[in-house]
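Biologist: Hey, could you walk me through this one? I'd like to start with the big picture and then get into the details.

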There are 2 protein chains.
Amino acid sequence: MHPEFEKYLIANTSLTEDIIRNIGNTATIKTLRRNELLLQAGDICRHKVFIAKGLLRMYSTDANGNEHIVQFSPEHTWTLDVESYDKETPSLINIGATEPTEVLLWTKDDFNRLLNEIPELRKLSQQIISRNIYYSRQRILTTLSGTPEEKYDDFIQRFPNLLSRLPLRMIASYLGMSIKTLTRIRHTQLHR
Amino acid sequence: MHPEFEKYLIANTSLTEDIIRNIGNTATIKTLRRNELLLQAGDICRHKVFIAKGLLRMYSTDANGNEHIVQFSPEHTWTLDVESYDKETPSLINIGATEPTEVLLWTKDDFNRLLNEIPELRKLSQQIISRNIYYSRQRILTTLSGTPEEKYDDFIQRFPNLLSRLPLRMIASYLGMSIKTLTRIRHTQLHR
DNA sequence: GATAAACGTGGTCATTTGACCATAATTGAA
DNA sequence: TTCAATTATGGTCAAATGACCACGTTTATC
């Protein structure tokens, strides 16, 4: 049972100690080193993943070898490839650690059983999904609308703690601009 | 009871005639004219929406008055502002018709009741949500990765029937490029 | 603590893109 | 069917952006 997961459930649900322990003990704990992959494109995503500590990124590599980052998942959030998990088909994306990371993993069978048994876990699950959809929409809008500078500022506002934990090239990749453009923006903002 | 909705449920579930009629009769039918809004930013999204006929677009208007289109919803798909619907908070986006459109509307209470009564509707609901998440991810990736030409080609492949139904400026808005860029691409492709 | 790898910044230059404008064609509403 | 509004295209020009390269710094790992 991971203490961070316990903290998370206490803060986000009104589940009893017992049930929390039940959920937590069903999971396996996995430690990832920097750059280690949790899910590799081509493999099937077989777990729900809670990030207890550290930082994951979900990304895909295009034909030219460029990486495009779909999302970052810091501690106290969840991640998985929904499509691959649901249909048990090979995933098209990678999920990897950008720093030493600890995750909790539930198999589909186990997690479904927990969902059946625990109504409040269902509720939490729904919330996470709604938030996911909402974030995706926001991300699409930000990607479409702003100038590179606005996107960068938006990123800093939205994830103030990630800036110092990630190499700039990953932020550039997430924002859909070249590193050059990003450093130009930073240069301009310094001298202003 | 709208015949298109019946068709849709028959094709996508194994629900009985009776139940299908029950679901359909709970909805109200609304007709939208071209450019008419189904949901206006600031209002609360109070319905689940099935598009029986026509085409909706979800978009937001930025500070400069530019429209950015998040998604198109053609016949036999669903749409709503999840955030606003769930929390009953004012929506930040608009949903409007790009052509004469017929939609079916369920209030939250009614739809939740149906969800409770009909397990297979729950299943369908889950599927729609998964697909939504998956599409969003694909959309983010496409927006990040390709050249404008690749994005345009991708759009045509993915929505072959929408090209002729939408003004180019909306496609440009959806793809995050200026109309100029889009017509340039079309020009190039013609002379090749 | 040493060393190789990764990283952030900056210069240059070619290319792409958008803003503004005009015009012809198409569309939709009366 | 007609007429006004919308739409698609194209010209021009300035600005933004990315590719390539080099250099000094920081970081990770042994």
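**How the chains meet**

Modeller: Sure! Chain A and chain B bury about 2,600 Å² between them, with 72% of it on carbon and sulfur atoms. Buried area here is the accessible area (1.4 Å probe) that two parts lose on being put together, summed over both.

Biologist: Before we go on, what should I know about the model and the numbering?

Modeller: It's a predicted model, where local features need pLDDT of at least 70 and side-chain atom pairs count only at pLDDT 80 or more, while totals for chains, interfaces and linings use all residues. Residues are numbered from 1 along each chain as its sequence is written, chains are lettered from A and ligands numbered from 1 in the order in which they are written, and side-chain values use heavy atoms, with hydrogens and water left out.

Biologist: Cool. How many residues of each chain are in contact?

Modeller: 28 residues of chain A are in contact with 28 residues of chain B, where contact means heavy atoms within 4.5 Å.

Biologist: And how many salt bridges are there between chain A and chain B?

Modeller: Two. A salt bridge is a side-chain nitrogen of Lys or Arg within 4 Å of a carboxyl oxygen of Asp or Glu. Asp81(A) makes one with Arg137(B), with the closest N and O atoms 2.9 Å apart.

Biologist: Which elements of chain A touch chain B?

Modeller: Those that give two or more residues to that side are strands E4 (55-61) and E5 (67-74), plus helices H3 (82-87), H5 (119-145) and H7 (168-175) of chain A. Helices (H or I, at least four residues) and strands (E, at least two) are DSSP runs, numbered from the N terminus. H5(A) gives the largest share, 13 residues.

Biologist: What's that side like by class?

Modeller: The side of chain A that touches chain B has 14 nonpolar, nine polar and five charged residues. Ala, Val, Leu, Ile, Met, Phe, Trp, Tyr, Cys and Pro count as nonpolar, Asp, Glu, Lys and Arg as charged, and the others, Gly among them, as polar.

Biologist: What rotation superposes chain A on chain B?

Modeller: One of 180 degrees, with 0.0 Å of shift along its axis (RMSD 0.0 Å). The two copies are thus related as by a two-fold rotation axis. The fit is by least squares on the C-alpha atoms of residues with pLDDT of at least 70 in both. Also, 100% of the interface residues of chain A are interface residues in chain B too, so the copies meet through the same surface.

Biologist: New topic: how many salt bridges are there over all chains?

Modeller: The count comes to 25. Take Arg21(A), which pairs with Glu17(A), the closest N and O atoms being 3.5 Å apart. They sit four residues apart in helix H2 (residues 17-26) of chain A, so about one helical turn separates them.

Biologist: Is Arg21(A) buried or exposed?

Modeller: In between: Arg21(A) is partly exposed at 38% relative accessible area, and Glu17(A) is partly exposed at 40%. Buried means under 20%, exposed over 50%, partly exposed in between (1.4 Å probe, protein chains only). Asp18(A) joins in as well, since Glu17(A), Asp18(A) and Arg21(A) are linked in a network of salt bridges.

Biologist: Got one that links parts further along the chain?

Modeller: Try Glu88(B) and Lys108(B), which meet in a salt bridge (3.6 Å, N to O). Glu88(B) lies in the loop between helix H3 (82-87) and strand E7 (94-97) of chain B and Lys108(B) in helix H4 (residues 108-117), so the pair ties together parts that are 20 residues apart in sequence. Glu88(B) is partly exposed at 44%, whereas Lys108(B) is buried at 19%.
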